[in-house]
Amino acid sequence: MGLIDNSYLLGLFGMSSSTTSGLGATGASVPKPRTQPTAPWSTTVEAPEPSALLRAALGGRKLINESQAKVDLGGTSADYRKLFALYNGLESLNALVNRAGTKGVPASELSLIDKRFTAGMAELSGWMQTAELEGVRLTQGVTASLSKSTAAIQRDSAQSLTGAIHEGRTDQVVKAFEGDVSFTISVTKLRVTTDVDIDLAEMGGQTRSLDNVLRFINGKLEDAGVATRIGREQIAAQPKTVQVGDKTVTLPSGADRWALMIRGSVVEDVSFSAPEENDAIYVTQGAGTAGGHQFLKFDAEGGGASRIGETHWVDGRVSQTNLPEGVETIRASATAPDGSVWVLGDLSAGGDNQPIKGQRDVALMRFDSAGRLMMTRTLGAADTASGFALAVGADGRVAVAGSVTGGLAVTGSLGALTGKLEGDDAKVADSFVTVFDAEGGELWTQRRGARAEDEATAVSFAADGTVVVAGRARSAMPGGGPLGNWDGYIQTFSQHQAHPVAPVTARLEDIVQFGTAGEDSVAAVTVSGSSVYAASVENGRAVVRQYALSGTGQLTLSATRDLGAISGDIAGIMVEDGRVVIAGTTRNGALGGVTAAAAHSGGTDAFVLSLDASLTAGSGDRVTYLGGEGDDTVADVKLHDGQVWVTGQHDRPIGAKDDAPRQAYLASVNLSTGAVASSRTWKGDGDQAAPASLAIASNGASVLDRLGLPQGTIDQSASKRLVDGTSLRVGDQFTIAIDGGRPRTVTIEARDTLQTLARKIEQASQMRLRVTVASEGGYVTGTEADGETRTTAGGWQRLSISARSGRDEGATLSAGPGGRDALAGLGVSPGYIGPTSSEDDDIKTYGLDLPATLSLSTAETIKAAGERIQAAMKAIRDAYRALAPETAANANRGPAPAYLTAQIANYQAALSRLTGGM
């Protein structure tokens, strides 16, 4: 028997020899044997038909099935079977994506495809958490040596920047300083308040330039012995572009703009006030064709002037502020006791420092009187949520009501869990109500849903703190009874706290469900004394109900009044001086059968209807119609000191298309007479101005608006709790695993900050990860004792996660369970963090970058999902190549994997038998 050529065995492991001797054939070349099984993407493998893949994917069977994965070469690593099974699963998901992206697919089929895709992604996530590979490392997320959270917490700052008040040189006259400009700066230190009166008339004939006025003001502050100063901040001019035909033309930069900078001290509280103040009217509106939103402020007495950079000024407007990007819809606004304004909307995307977890979340934004965004609170919904109603109590508490789909934890004080994660598997919307304290900290959340879909559309506070929530449901609410189709409902909740530091909890006290066999919904609710008033549209008719509210929150029907066919909708209901006021939109020129103070003008008109508080018909009942010959709408209404303020769209041509021009209006109606007291209209960018909400602040407008300065105390600190500053909720989780080890769970608690979470992550990673709190932005406040290290304030802080220095191991972060994923709220991508390769570690890491939140709900998400899946399939092909035995020129270092060691032993035993042990 001839000798076995060693090059044959060497070739099995990627090595070669210049001479070969075959079995019985000297000098014959032996083909290099395969060292890897044939991959499913190989050109030698018949690709499955797309239609077959789609049918299999829609059939509900497992997408990742290791037993079905074909491995055509024995004695190879078990990793291949896992990789091939995963690849086959991704092919099935890709078939769903391709079908969803096909034009003309029916909506019902798209819904089924999206549902199956979501289930497939959940299957993939579960498989990834349990799959153990020996030769490569796979993670559903990304691979990185450093990861930073996009979620950030704002640092305390004693500096506060206004909007631009001047354009040009600092030695030129500033228009905002002209006329009677006098106000007071109050500085409080150690509970002692020093009032510094500023009156520019004292400057005499001196030019009221930015330089001179600031020198005058700061001289007053210095004489008063306070550290606070007012400075200036340059806003560099930017080139402008205009479209001329099919060309974009860049215009020269304009003059530099200047804003005021309040430079306070960490030991001083600063507030501003003015001797003459009027009521302020705040209007939020959609503006422009790109979906932007604005926050407008009006002086109820008129006047005002257009400020630097503002557009489409109208008499009485004193400021215009653009809302942050990502705001999809504005639904309500209300004034807080301190004069600030809460605005409720929906977010389709979080800001740069506050990512949302699902597709859409509720945003509660707080603005100061100058229109500056002070804070944003999100609900933290895992899937989708919408906020429909907002109320502020006399104690400053804020109630938000709406609908939510998917997981949302019921919470108590400081986010303490008082119930299970509700709606984790819900596919229809449920009603929710969340109550925040005056500073924006969540007190409690209740979610109560019917078997079919339901939503909360109105909310109000009673004098004793009872929260009254109203809405509509397609079936029986818990404790209620259905009447058919959509029904209206009212719920009452009480709030309890055993002692001052105990959790605040909420309890449902009563529920009533009412309506017709048609479509019914409560549009507005309010509480006056011990009476609850609800305005609803029931089977096309406007109906007002009065309920007696007991001290224990029980509701008893007192009166009902049918106002007739509305052919429109209701925007609000209010009570003042024994009169119930309902406002909305109608085509009915005889609504309620009452006297018209101003007649209907045609199309849909806005209406303001005044009734006796008993709902009994009387001679004092009257209605005022507002509008032109076209369609007029009411977006929101507020009653304040005998004046009914309404805002909406004015005199739009009947039958106008969605992209036709929209003009906004703001009007006031005298409650006693029904006469229109004031009215103004305005346009928006791109001829699009669509008011969304309205709020009124007593004595909220003054000369300070011209200067961009806010009334009241400037807030220098922000909450450091993660549940306040991010979309995280108590109970959210993620896991950390060490190379095949059992994952350790990190859970968000009520009092967690960036610092406490950093310690949790380090401990869960067994100190393989180094987690720090990185500061960004801000300003220098001084130096440390060493004279070199600078101290800073302001800006933002976020987590920075990396492998600990001197260690070659990392850790894998995985998303939390459905509805409670903390990584999404932190803005941290799941995946492996650590060295991706090193001299001592030949196991390479591959990230699939497949977020569990991928969906096929829109054209944009379909495109994104397809791109992600294609990239993930490439990553698996790369991992396959990494498993191939290397050539002698690039030999493996370190111990061989167990499967390769066993393979070598088998070949050596075969060689020994063939050669007779020679």
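**Helix H4, salt bridges and surface of the predicted chain**

In helix H4, the buried residues are Ile113, Asp114, Arg116, Phe117, Gly120, Met121, Leu124, Ser125, Trp127 and Met128. The model in which this helix appears is a predicted one. An α-helix has 3.6 residues a turn, so residues three or four places apart point the same way. The buried residues of H4 pack against four elements, namely helix H2 (50-58), helix H3 (79-100), strand E3 (136-139) and helix H10 (859-882). The length of H4 was also examined: the helix covers residues 107-130, and because each residue should contribute 1.5 Å, its 24 residues are expected to span 34 Å, in agreement with the 35 Å that separates its end C-alpha atoms.

Over the chain as a whole, the secondary structure comprises eleven helices and 55 strands. Of the 918 residues, 50% count as buried, and the accessible surface comes to about 40,400 Å², with 49% of that area belonging to carbon and sulfur atoms. Among contacts between residues at least 6 apart in sequence, 63% join residues that are at least 24 apart.

The confidence of the prediction has a mean pLDDT of 88 along the chain, and 88% of the residues reach 70 or more. Two segments in which pLDDT stays under 50 may be noted. One comprises residues 1-5, for which the model has twelve contacts beyond four places in sequence; another comprises residues 413-421, for which the model has 35 contacts beyond four places in sequence.

The structure holds 38 salt bridges, among them one in which the side chains of arginine 232 and aspartate 211 meet at 2.1 Å, N to O. Arginine 232 belongs to strand E10 (residues 229-235) whereas aspartate 211 belongs to helix H5 (residues 210-223), so this pair ties together parts of the chain that are 21 residues apart in sequence. Arginine 232 counts as partly exposed because its relative accessibility is 34%, and aspartate 211, with a relative accessibility of 22%, likewise counts as partly exposed.

A further salt bridge is formed by the side chains of aspartate 562 and arginine 541, at 3.0 Å, N to O. This pair links distant parts of the chain, with aspartate 562 in strand E35 (residues 555-565) and arginine 541 in strand E34 (residues 541-549), 21 residues apart. Aspartate 562 has a relative accessibility of 44% and therefore counts as partly exposed, as does arginine 541, for which the value is 37%.

The side chains of arginine 721 and aspartate 724 also meet in a salt bridge, at 3.0 Å, N to O, and both arginine 721 and aspartate 724 are buried. In addition, Lys148, Glu776 and Arg798 are joined into one network by salt bridges that share partners.

Turning to the surface, Val244, Val249 and Leu251 make a nonpolar patch of about 220 Å². Valine 249, one of these residues, lies in strand E12, which covers residues 247-251. Because its relative accessibility is 33%, valine 249 counts as partly exposed.

Methods: Residues are numbered from 1 along each chain as its sequence is written. This is a predicted model: local features need pLDDT of at least 70, side-chain atom pairs count only at pLDDT 80 or more; totals for chains, interfaces and linings use all residues. Side-chain values use heavy atoms; hydrogens and water are left out. Helices (H or I, at least four residues) and strands (E, at least two) are DSSP runs, numbered from the N terminus. The expected span of a helix is 1.5 Å times one less than its number of residues. Buried means under 20% relative accessible area, exposed over 50%, partly exposed in between (1.4 Å probe, protein chains only). Contact means heavy atoms within 4.5 Å. Patches are made of residues with over 30% relative accessible area and no salt bridge: like charges are joined within 9 Å, nonpolar side chains (Val, Leu, Ile, Met, Phe, Trp, Tyr) within 5 Å. Accessible areas come from the Shrake-Rupley method with a 1.4 Å probe; for residues, only the protein chains shown count as cover. A salt bridge is a side-chain nitrogen of Lys or Arg within 4 Å of a carboxyl oxygen of Asp or Glu. pLDDT is the predictor's confidence in each residue, from 0 to 100.
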